[in-house]
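Good morning, colleagues. Please look at the sequence and the structure on the screen while I take you through them.

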Amino acid sequence: MAPSPSRLFAEIATAERPAETAVVMRRAVVLGGSVAGLLAARVLSDHADDVLIIERDPSDVDAGPRPGVPQGSQVHALLPAGQVQLERWFPGIADEAFALGAPPPPSALSMNVHRVGDTPGGVRSDEVVRAHSRRR
């Protein structure tokens, strides 16, 4: 019998990485190099010999929104649960981002909103995530 949706969510929402993984495919293809695409590629890397990310924007874009991301100039925030999942798959990424000047996620009681480029120190958290995930 398949697990209930709530049990399945509890399993995938944990901060712990899976204890056992198996390579079940030769190649996985991820369309898009956004934070979500890079995170998907990281998860798939435990189950595929090779992971290919197809992204139309150049990977060396280092300032401002990427050309292919129309919502890039809109308000974005990394919530605490998102930080937990990023740390799950990219250990040390939060410390690296904070060291580069990225603001910490908001607490449950307060929420500071910054426009892209207006973050303290001018560091965009999506740039940190993309750079960190490409090195791994």
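I shall speak about the overall arrangement, the confidence, two of the helices and a patch on the surface.

Let me begin with the arrangement. What you see is a predicted model. Its secondary structure consists of five helices and two strands. Read from the N terminus, the order of the elements is α-β-α-β-α-α-α. Among contacts with a separation of 6 or more, 57% join residues that lie 24 or more positions apart.

How far may we rely on the prediction? The chain has a mean pLDDT of 79, and 74% of the residues reach 70 or more. Confidence is highest in strand 1, residues 25-31, with a mean of 97. At the other end stands helix 5, residues 125-135, where the mean is 61, the lowest in the chain. I would also point to residues 119-123, over which the pLDDT is below 50. Beyond near neighbours in sequence, that stretch has 11 contacts in the model.

I turn now to burial. The chain has 136 residues, and 25% of them count as buried. The exposed surface of the chain comes to about 9,000 Å², of which carbon and sulfur atoms supply 58%.

Two helices deserve a closer look. In helix 2, residues 35-44, which residues are buried? They are Gly37, Leu38, Ala41 and Arg42. Viewed down the axis of helix 2, these buried residues fall within an arc of 140°, and therefore they line one face of the helix.

In helix 3, residues 80-89, the buried residues are Gln85, Leu86, Arg88 and Trp89. They span an arc of only 155° around the axis, so they sit on the same side of helix 3.

Finally, I come to the surface patch. Which residues form the nonpolar patch on the surface? They are Val29, Leu31, Leu52 and Ile54, and together they have about 390 Å² of accessible area. Strand 1 and strand 2, the latter covering 48-54, are the elements that each give two or more residues to this patch.

Let us take one member of the patch, leucine 52, which is found in strand 2. Why does leucine 52 count as partly exposed? Its relative accessibility is 39%, and the partly exposed class lies between the limit for buried, under 20%, and that for exposed, over 50%.

To close, I would recall two points. Helix 2 has its buried residues along one face, and strand 1, where confidence is highest, contributes to the nonpolar patch together with strand 2. Thank you for your attention.

Conventions
Residues are numbered from 1 along each chain as its sequence is written. This is a predicted model: local features need pLDDT of at least 70, side-chain atom pairs count only at pLDDT 80 or more; totals for chains, interfaces and linings use all residues. Side-chain values use heavy atoms; hydrogens and water are left out. pLDDT is the predictor's confidence in each residue, from 0 to 100. Helices (H or I, at least four residues) and strands (E, at least two) are DSSP runs, numbered from the N terminus. Contact means heavy atoms within 4.5 Å. Buried means under 20% relative accessible area, exposed over 50%, partly exposed in between (1.4 Å probe, protein chains only). The arc is that of the directions from the helix axis to the C-beta atoms. Accessible areas come from the Shrake-Rupley method with a 1.4 Å probe; for residues, only the protein chains shown count as cover. Patches are made of residues with over 30% relative accessible area and no salt bridge: like charges are joined within 9 Å, nonpolar side chains (Val, Leu, Ile, Met, Phe, Trp, Tyr) within 5 Å. A salt bridge is a side-chain nitrogen of Lys or Arg within 4 Å of a carboxyl oxygen of Asp or Glu.
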